[in-house]
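This briefing is written for a reader who wants to move from the whole chain down to single strands and one chosen residue. Please keep the sequence and the model open while going through the points below.

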Amino acid sequence: RESDHRAWTPVTYTVTRQNATIQGLIQGKAYFFRIAAENIIGMGPFTETTKEILIRDPITVPDRPEDLEVKAVTKNSVTLTWNPPKYNGGSDITMYVLESRLIGKDKFHKVTKEKMLDRKFTVEGLKEGDTYEYRVSACNIVGQGKPSFCTKPITCKDEIAPPTLDLDFRDKLIVRVGEAFSLTGRYSGKPAPKVTWLKDDIVVKEDDRTKIKTTPTTLCLGILKSVREDSGKYCVTVENSTGSRKGFCQVNVVDRPSPPVGPVIFDEVFKDHMVVSWKPPLDDGGSEITNYIIEKKDTHKDLWMPVTSATVKTTCKIPKLLEGREYQIRIYAENLYGISDPLISDEMKAKDRFRVPDAPEQPTIKDITRDSAVVVWNKPYDGGKPITNYIVEKKETMATRWVRVTKDPIFPGTKFKVPDLLEGCQYEFRVSAENEIGVGDPSPPSKPIFARDPIAKPSPPVNPEAVDKTKNSVDLSWQPPRHDGNGKIIGYLIEYQKVGDEEWKKANLTADSCPETKYKVTGLTEGLTYKFRVKAVNAAGESDPAHVPDPVEVKDRLEPPELILDANMAREQHVKAGDTLRLSAVIKGVPFPKVTWKKEDHEVSPKADIEVTGVGSKLEIRNTVHEDGGIYSLTVENPAGSKTVSVKVVVLDKPGPPRNLNISDVRSDSCYLTWMEPEDDGGSVITNYVVERKDVASAQWVAISSSSKKRSHMAKYLMEGTQYLFRVAAENQYGRGPYVETLKPIKAIDPLHPPGPPKNLHHVDVDKTEVSLVWNRPDRDGGAEITGYLVEYQEDGADEWTKFQTVPMLDCVVTGL
């Protein structure tokens, strides 16, 4: 019976042996079984299986995994992938075992971690240049299956392949406005290249219309609903450490043109035709304008009539007009992709419009003196042809004949100063305009005027006020009168009155003693209150007085100092060495403050020019040097307080000399120089160092490096045995600083070492007091010729060696033993 059913199903009735094969079972189902014995009397009791039996194939180890592949190789890692075995042995795979063998070794070693089920693994920590082969096995509940086939031998090295680029687009692409377009292609390279899209040298960024899609092998730039601004030169760059490839496409998004630019100019107007002109569209739609379509319309009708559709010029003759009718002109621009919206002209009447100019309006007369007057008029309608001249005429009021005031042309101005009038006479003036057709009608006569100098008393001065005061004076200021009475202002009279008195006293006796619009009233009494007034004076007399609005109490005014900084007093001021340093500020305060300049809380250098005026102070240092830099402070002080500002001045100069120039590793053809940066970089970053050398026998220094940014240099190509001096200087953007030079020359020779020990020392003869010794040359001479051999002897059991002598050859007889 099935484990989830209660009913038993018979399998067979004819089994005489003690086993049976039960067929027709369903794989994956669990069953119980029972057996009963039977004889001729009947069936005995059933014996039942104690637990359910799950029907499935017998379990074995898995088959070998398939498709073991190397996906990536670097100098210290290998990445492999594989597929599961075709048959898992009847049980789920519990893990994979990846093994490697170093070529030249016999054994495979496990490289995967415990319980690894991923079918991808990166073996790391390998040694560059080593060669390995790999195999992988699958494990299930039974055990580990057969290993896969081995990979080919894999050598650990970085895979490098320069980028390739295969584009699906041509050099040029034309797209209609509103359409979408895409630029696609394929690429490759190791390491994986970076893909960058540019339009007109600017990086393309994604937005609602612009989409960029890049896979490991394909690239795509797509633009939806293109607009004219999408036109441009597109560039795709594929780049990795080995190089880069670029592809270009000039995209032109085309549309119909914008309307021609107005207004429509009526260059010529006649009774039966007109000549009009206009300007080309601001945007030709990305395609050359092929023609303009011109139409005309009688303003009394609704019908537009064609004039021409085959002109590329921006001017056109409009023929077949009816005299006296008003017309409008309509102009379209056309290119390969459509017709623009129209440009419509103003209304224009068809008539001959050239005649003599109209009469000007009545002229006005200004600036009358005893012998001259200025006639001013407005330009009349010119009759269709430009005005070339104005004719100004005069006559005395009682006379009948008009006289031209000059035979010279009057143009283009619309005013003229008429000279030679008779003082006291009354005159009228009129003006006519002239063009190439002729002279037009004269204007109406001007109003009569008398030739004489007009003058009247001036109006009062404007806005008098007390601007400053002390214990015995008041400073007044005002503005000139609005009207000078047609006479020059000679000056001003100032009067004052003590509050409570009726009498006004004069502060100055004559107007010419105060020609300016300010005056200091002195001799006043401290603590009293005064009123002030001012009168303007010209040749006709004194104006009405203008009063200072409020009475003024006479006493010293105290205002704390105030500093208004100029631009050169910002927090930091940079000045190039040799240029002039200028620091200045506007100073206010009553009484005027005491001014003190200091540098780093000390007196300023004597070379500084300090100027103090009533409104400010200036400090100037010419031919600045680096030592002029520092913190400059300006202090202003009066009884009402004090104020200080500071500015950091940086004098930018060439750097100082480098420090601690040292020579090491001297060889026969090279040596190594090191140094430290200068203590003073001149206020600007050191850009490079200049290194030079000199043969001591030569007067000429030779540059061996002029662009080094490091503080060391290997001097090569020296002549063996020659003595050299070296020197180094630093450079910044303001020039090259002084050199620092080696104190003594160095000789280009390889360093010397003691020679090695002599070889094969042995005796060849022995006597009772002497021994004959021989030996071979040592393996190494230490870089110099061997000059001799020192022979020593020691009595057996003694500690000290006794020097015998130094010999030049490879043998010696030691005597005196």
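Why does Val740 count as buried or exposed, judged by its relative accessible area? The model is a predicted one, and in it Val740 has a relative accessible area of 18%, which falls under the 20% limit for a buried residue, so Val740 is classed as buried.

**Surroundings of Val740**
- Val740 belongs to strand β62, which covers residues 740-741.
- When neighbours within four places in sequence are set aside, Val740 is in contact with Pro657, Pro658 and Leu661, and also with Phe726, Arg727 and Val728.
- Glu679 is 61 residues away from Val740 along the chain, and the C-alpha atoms of these two residues are separated by 13 Å.

**The chain as a whole**
- The protein chain contains 68 strands and 0 helices.
- Its radius of gyration is 56 Å, whereas a compact globule of 817 residues would have one near 28 Å.
- The C-alpha trace spans about 165 × 125 × 65 Å along its principal axes.
- Of the 817 residues, 36% count as buried, and the chain exposes about 50,100 Å², with carbon and sulfur atoms supplying 49% of that area.
- Among contacts with a separation of 6 or more, 62% involve residues that are 24 or more positions apart.

**Annotated spans**
- An unreviewed UniProt entry places the feature "domain: Fibronectin type-III" at several spans, including residues 64-159, 460-557 and 757-817.
- Residues 460-557 are 45% strand and 0% helix, and the C-alpha atoms at the two ends of this span are 29 Å apart.
- Residues 757-817 are 48% strand and 0% helix, with the end C-alpha atoms lying 24 Å apart.

**The open sheet with mixed pairing**
- Strands of a sheet pair through backbone hydrogen bonds, in either a parallel or an antiparallel sense.
- One open sheet is formed by 5 strands in the order β13-β20-β19-β15-β16, and its pairing is mixed.
- The edges of this sheet are β13 (172-176) and β16 (202-203), each of which pairs on one side only.
- β13 runs parallel to strand β20 (residues 243-254), to which 5 bridges join it, and the bridge partner of Leu173 in β20 is Val251.

**The open sheet with antiparallel pairing**
- Another open sheet has 4 strands in the order β12-β14-β18-β17, and its pairing is antiparallel.
- β12 (161-167) and β17 (210-214) stand at the edges with a single partner strand each, so one side of each is left without a neighbour in the sheet.
- Neighbouring strands of this sheet are turned against each other by 15 degrees on average, with direction ignored.
- β12 pairs with strand β14 (residues 181-190) in the antiparallel sense over 5 bridges, and Leu165 stands opposite Tyr187 in β14.

**The β64-β65 hairpin**
- A hairpin joins β64 to β65 through 4 residues.
- β64 and strand β65 (residues 771-776) pair in the antiparallel sense over 5 bridges, with Val771 in β65 as the bridge partner of Val766.
- Strand β64 (residues 759-766) lies largely in the open, because the number of buried residues among its 8 is 0.

Technical notes:
Residues numbered from 1 in each chain as written. Predicted model: local features only at pLDDT ≥ 70, side-chain atom pairs only at ≥ 80, totals over all residues. Heavy atoms only, no water. UniProt positions renumbered as here; feature names shortened; annotations may be inferred. Pairing = 2+ DSSP bridges. Axes fitted to C-alpha atoms, helices over the stretch in contact; angles between N-to-C directions. Rg over C-alpha atoms; globule rule 2.2 N^0.38 Å. Buried < 20%, exposed > 50% of the residue type's maximum accessible area, 1.4 Å probe, protein only. Contact = heavy atoms within 4.5 Å. Areas by Shrake-Rupley, 256 points an atom, 1.4 Å probe, with all protein chains shown as cover.
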